[in-house]
Amino acid sequence: MRDEVILSIKELSGGYLIRHDETQKYIDAVNNINLTIEENQIVGIAGESGCGKSTLLRMIYGYIKSPLVISKGQIILKKKNREIVDLLKYSEEKRKNEIWWKEMSWIPQNSMNVLNPTIKIKDHFMEILKHHLKRSGEEADKLITEYLSAMGLSKDVLKAFPHQLSGGMRQRIVIALALLANPQIILADEPTTALDVVMQRGILQLLMEYQRTTKNTIIIVTHDLGIHSMLSDQVIIIYAGKIVEVGSAEVIFENPAHPYTAALLESLPRLENKNLREGIYGAPPDLSNPPTGCRFHPRCPKAISICGQQEPYQILLEKEHSVACWLYAER
């Protein structure tokens, strides 16, 4: 039995409007994204740095600050009460009051930049509990203790300022804050960046255990394919602002269809193979002036003439596995 779709992204496009002196330039970060996200999943978004992964997450969450702009699209959310809404029609104030924390939370890249350095950890928790969950007193203290325990932290951290904690502890605090209202969707943007390998594994196991317990959906962005192989049920591969392949983690890692996906996997080190790994030829395109046709074609070892002329469409190869590549099209 399939789980219900709780998030649908339709023809979403946007980017960065950069102004310099008297001129302005548009950086096309996310282009015509179409996605359906089901409940009770961990969905991974992968690709090289600068491909649009974090920008897509920011758009979904609705944290749209200049120079980021959305040019078109829909982000359809099925709320906990089963009401269906288009988040792009919400003001930021309405998102803060109705969506953020309760329906959808965001775990950002750098925990130190998120936590207010002038207030203690307990005050961060109390701000969310008072303003978003309307809880205080003993009820609030009990809830805070429960979440700290789930993150492997003692109550003593509540008395500390952010700079007095290690990077791993701060990241656990940020995760606990994001999960506090039991949102049905958690957006995790490189949640283990700058942490050592042991701490990374601990953070990832926490997220996996949380998802198994709550049956909520986690959408995780990372360029680390090893994390996706460990964590994700579904993997979305993005190149230069475009989705090039979508499939289960098993299919993506064992039978990649798009030449870009195959090249990403080929660059990974393997214990049984001591040979020097090859990187991907060339560099990502300038997204202020992207190439015509398939954006990967200037770097693609399998490119054919149509690749530089026409943009490929998503082709369904098998159930829940699709690829945007002319090699699989009937021409």
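## Reading helices and sheets in a predicted model

Mentor: Start with helix α1. Seven of its nine residues are buried, so α1 is largely enclosed by the rest of the structure. Keep in mind that this is a predicted model.

Trainee: Which residues of α1 are buried?

Mentor: They are K53, T55, L56, L57, M59, I60 and Y61. Buried here means under 20% relative accessible area. Look just past the helix too. G62 follows α1 and takes a positive phi of about 90°.

Trainee: How do I read the order of strands in a sheet? What is the order in the sheet of four strands?

Mentor: Read across the sheet, from neighbour to neighbour. Here the order is β2-β1-β4-β5. The sheet is open, and its pairing is antiparallel. At the edges stand β2 (23–38) and β5 (84–86). Each has a single partner strand, so one side of each is left without a neighbour in the sheet. From one strand to the next, the twist averages 10°.

Trainee: How many bridges join β1 and β4?

Mentor: Eight bridges, in the antiparallel sense. Strand β1 covers residues 5–20, and strand β4 covers residues 68–78. For one position to check, find G14, which stands opposite I70 in β4.

Trainee: Which strands does α1 touch in that sheet?

Mentor: Helix α1 (residues 53–61) packs on the sheet and touches β1, β2 and β4. Its direction makes about 115° with that of β1.

Trainee: Now the other sheet. What is the order of its eight strands?

Mentor: Trace β6-β7-β8-β3-β9-β10-β12-β11. This sheet is open as well, and its pairing is mixed. The edge strands, β6 (104–107) and β11 (314–318), each pair on one side only. The twist averages 20° from one strand to the next.

Trainee: How do β11 and β12 pair, parallel or antiparallel?

Mentor: Antiparallel, over four bridges. Strand β12 is residues 321–324. Within this pair, E318 has H321 in β12 as its bridge partner.

Trainee: Which strands does α6 touch?

Mentor: Helix α6 packs on the sheet against β6 and β7 (185–189). Its direction makes about 170° with that of β6. Helix α7 (residues 197–214) packs on the sheet too. It touches β3 (42–46), β6, β7 and β8 (217–221), and its direction makes about 155° with that of β8.

Trainee: How do I read a pair of helices? At what angle do the axes of α4 and α6 cross?

Mentor: Check the distance between axes, then the angle. Helix α4 (residues 121–131) and helix α6 (residues 167–179) have axes that come within 10 Å and cross at roughly 15°. Angles under 35 degrees count as roughly parallel. The two helices, α4 and α6, are therefore roughly parallel to each other. Their crossing is right-handed.

Trainee: Which residues of α4 and α6 meet?

Mentor: From α4, take I121, H124, F125 and I128; from α6, take I173, A176 and L177. By class, the contact of α4 with α6 has six nonpolar residues, one polar and no charged ones.

Trainee: Last case: why is α10 called largely enclosed?

Mentor: Count its buried residues. In helix α10 (residues 259–266), six of the eight are buried, so α10 is largely enclosed by the rest of the structure. Those buried are P259, Y260, T261, A263, L264 and L265.

Trainee: What covers the buried residues of α10?

Mentor: The cover includes α8 (225–231), β9 (234–239), β10 (242–248) and α9 (249–254).

Methods:
Residues numbered from 1 in each chain as written. Predicted model: local features only at pLDDT ≥ 70, side-chain atom pairs only at ≥ 80, totals over all residues. Heavy atoms only, no water. Axes fitted to C-alpha atoms, helices over the stretch in contact; angles between N-to-C directions. Parallel < 35°, antiparallel > 145°, perpendicular 65-115°, else oblique. Left-handed = near helix turned anticlockwise from the far one by under 90°. Contact = heavy atoms within 4.5 Å. Nonpolar A, V, L, I, M, F, W, Y, C, P; charged D, E, K, R; others polar. Pairing = 2+ DSSP bridges. Buried < 20%, exposed > 50% of the residue type's maximum accessible area, 1.4 Å probe, protein only.
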